[in-house]
Amino acid sequence: MDYKIIKNFISEKEQNELRKWIVDNKNTPGLFQDAGMKGNRITTRYSQGFSFPDVAYKIQKRIIDQLKFKDF
């Protein structure tokens, strides 16, 4: 498998927007759950009925386009 490093793929502004969303929503009941990785990690993987901020979907699209993902 080949690896591709893309520096500055996510801008500092985007990072800050994602951090703010996490901080603003971290105490929402049922949203974040223990990731089961024996540490301080939490996840929204099992959560339902919420939306990520728009910036998250823009980053997702950039990943899909950049790595040419199809049919996932």
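# Exercises on fold and salt bridges

A compact globule of 72 residues would have a radius of gyration near 11 Å, whereas the protein has 14 Å. The model examined here is predicted.

## Exercise 1. Overall architecture

Determine which secondary-structure elements the protein contains and in what pattern they follow along the sequence.

Solution.
1. The protein has two helices and two strands.
2. Read along the sequence, these give the pattern α-β-β-α.
3. The C-alpha trace spans about 35 × 30 × 25 Å along its principal axes.
4. Among contacts with a separation of 6 or more, 39% join residues 24 or more positions apart.

## Exercise 2. Surface and burial

State what share of the residues counts as buried, and describe the exposed surface.

Solution.
1. A residue is buried when its relative accessible area is under 20%. Of the 72 residues, 17% count as buried.
2. The protein exposes about 6,700 Å², of which carbon and sulfur atoms supply 52%.
3. As for charge, the mean positions of the 14 positive and 9 negative charges lie 3 Å apart.

## Exercise 3. A salt bridge between helices

Identify the partner of Arg62 in a salt bridge and explain what the pair ties together.

Solution.
1. Side chains of opposite charge can pair when their charged atoms come close.
2. The structure holds three salt bridges. In one of them Arg62 pairs with Glu14, and the closest N and O atoms are 2.4 Å apart.
3. Because Arg62 belongs to helix H2 and Glu14 to helix H1 (residues 12-25), the pair ties together parts that are 48 residues apart in sequence.
4. Glu14 is buried, at 12% relative accessible area, while Arg62 is partly exposed, at 28%.

## Exercise 4. Salt bridges within helices

For Lys20 and for Lys61, find the salt-bridge partner and the spacing along the helix.

Solution.
1. The side chain of Lys20 meets that of Asp24 at 2.6 Å, N to O.
2. Lys20 and Asp24 are four residues apart in helix H1, which means that about one helical turn separates them. Asp24 is partly exposed, with a relative accessible area of 48%.
3. Lys61 forms a salt bridge with Asp65, with the closest N and O atoms 2.6 Å apart.
4. Both Lys61 and Asp65 lie in helix H2, four residues apart, about one turn of the helix.
5. A residue is exposed when its relative accessible area is over 50%. Lys61, at 52%, is therefore exposed, whereas Asp65, at 43%, counts as partly exposed.

## Exercise 5. An acidic residue after helix H2

Locate Asp71 and decide whether this residue is buried or exposed.

Solution.
1. Asp71 is found in the segment after helix H2 (54-67).
2. Its relative accessible area is 82%, so Asp71 is exposed.
3. Asp71 and Asp2 are 69 residues apart in sequence, and their C-alpha atoms are 20 Å apart in space.

How values were computed. Residues are numbered from 1 along each chain as its sequence is written. This is a predicted model: local features need pLDDT of at least 70, side-chain atom pairs count only at pLDDT 80 or more; totals for chains, interfaces and linings use all residues. Side-chain values use heavy atoms; hydrogens and water are left out. The radius of gyration is taken over C-alpha atoms; the globule rule is 2.2 Å times the number of residues to the power 0.38. Buried means under 20% relative accessible area, exposed over 50%, partly exposed in between (1.4 Å probe, protein chains only). Contact means heavy atoms within 4.5 Å. Accessible areas come from the Shrake-Rupley method with a 1.4 Å probe; for residues, only the protein chains shown count as cover. Lys and Arg count as positive and Asp and Glu as negative; His and the chain ends are not counted. The place of a charge is taken as NZ of Lys, CZ of Arg, CG of Asp or CD of Glu. A salt bridge is a side-chain nitrogen of Lys or Arg within 4 Å of a carboxyl oxygen of Asp or Glu.
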